Amino acid sequence: MVALTGEMKELFSKVKLFPVATASKKGVPNVAPIAFVVMVSDDTLWLADNFMNKTLANVKENPRAAIYLYDADLKKCCQVKGKIEIKTSGDDYEKMRKMVHEKKPGLPAKSLLIMKITDVFDCMPGPNAGKKIV
Ligand SMILES: Cc1cc2nc3c(=O)[nH]c(=O)nc-3n(C[C@H](O)[C@H](O)[C@H](O)COP(=O)(O)O)c2cc1C
């Protein structure tokens, strides 16, 4: 697993909506807007599944996912890739459920997707485009 740097964490804090890309086992791609993405440690993101359909089906059969982070003011962009574990019970799931309900009571909080970060790439246009950062 790899750890996000301070710059990446600053970028993460600016992003309000995360495009979450997954793929089925057969390689059919999917991307969904997800707002509830929390950085719980330098190498781990939590995604709250309230209304996921294809995303959830995909990660059940292929645990790889990717998100990009972009902020126009910071002029930074990076692709974050990782491996997902799904939890529908246990301490972490209950913690996520509480966080979701503190923001908006009544949301289903069906499951917790734990994303362990495996790679981060630069995606700003320019000489570093596509380069692996961590
Ligand atoms: C602004 C915005 C924020 C959203 N945030 C979430 C979220 O945090 N969790 C979630 O499960 N769905 C969220 N959704 C809803 C999903 O994107 C939506 O249910 C989508 O159809 C899921 O795609 P999928 O079927 O490909 O998984 C959000 C949608 C929008 C427009």
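Two strands pair if DSSP finds at least two bridges between them. Keep that rule at hand for the exercises below, which use a predicted model.

**Exercise 1. How do β3 and β4 pair, and how many residues lie between them in the hairpin?**

Step 1. Find the two strands: β3 covers residues 37–41, and β4 covers residues 44–49.

Step 2. Apply the pairing rule. DSSP needs at least two bridges, and β3 and β4 share four bridges, running in the antiparallel sense.

Step 3. Look at the link. Two residues sit between β3 and β4, and the strands form a hairpin.

Step 4. Pick one bridge to follow by eye: valine 38 has tryptophan 46 of β4 as its bridge partner.

**Exercise 2. Which strand besides β3 pairs with β4, and over how many bridges?**

Step 1. Go to β7, residues 111–122. β7 pairs with β4 over six bridges, again in the antiparallel sense.

Step 2. Return to tryptophan 46. Opposite this residue, in β7, stands isoleucine 114.

Step 3. Put the two exercises together: tryptophan 46 is the bridge partner of valine 38 and stands opposite isoleucine 114.

**Exercise 3. Is β4 mostly covered or mostly open?**

Step 1. Recall the cut-off: a residue counts as buried if 20 or more other C-beta atoms lie within 10 Å of its own.

Step 2. Count along the strand. Five of the six residues of β4 are buried, which leaves the strand mostly covered.

Step 3. Set this beside the whole protein, where buried residues make up 23% of the 134 residues.

**Exercise 4. Which residues touch the most other members of the largest nonpolar core?**

Step 1. Take the core, which has 24 residues; Leu47 and Met115 touch the most other members.

Step 2. Ask who supplies the core. At least two residues come from each of α1, β4, β5, β6, α3 and β7. The largest share, five residues, belongs to β7.

Step 3. Zoom in on methionine 115. Leaving out residues up to four places away in sequence, methionine 115 touches Thr44, Leu45, Leu47, Ala65, Gly82 and Ile84.

**Exercise 5. Why does the radius of gyration agree with a compact globule?**

Step 1. Start with the expectation: for 134 residues, a compact globule would have a radius of gyration near 14 Å.

Step 2. Compare. The protein has 15 Å, so the value agrees with that expectation.

Step 3. Add the overall picture: three helices and seven strands, in a C-alpha trace that spans about 45 × 35 × 25 Å along its principal axes.

How values were computed. Residues numbered from 1 in each chain as written. Predicted model: local features only at pLDDT ≥ 70, side-chain atom pairs only at ≥ 80, totals over all residues. Rg over C-alpha atoms; globule rule 2.2 N^0.38 Å. Buried ≥ 20, exposed ≤ 12 C-beta atoms within 10 Å, placed from the backbone. Core = buried A, V, L, I, M, F, W, Y, C linked by C-beta atoms within 7 Å. Contact = placed C-beta atoms within 7 Å.
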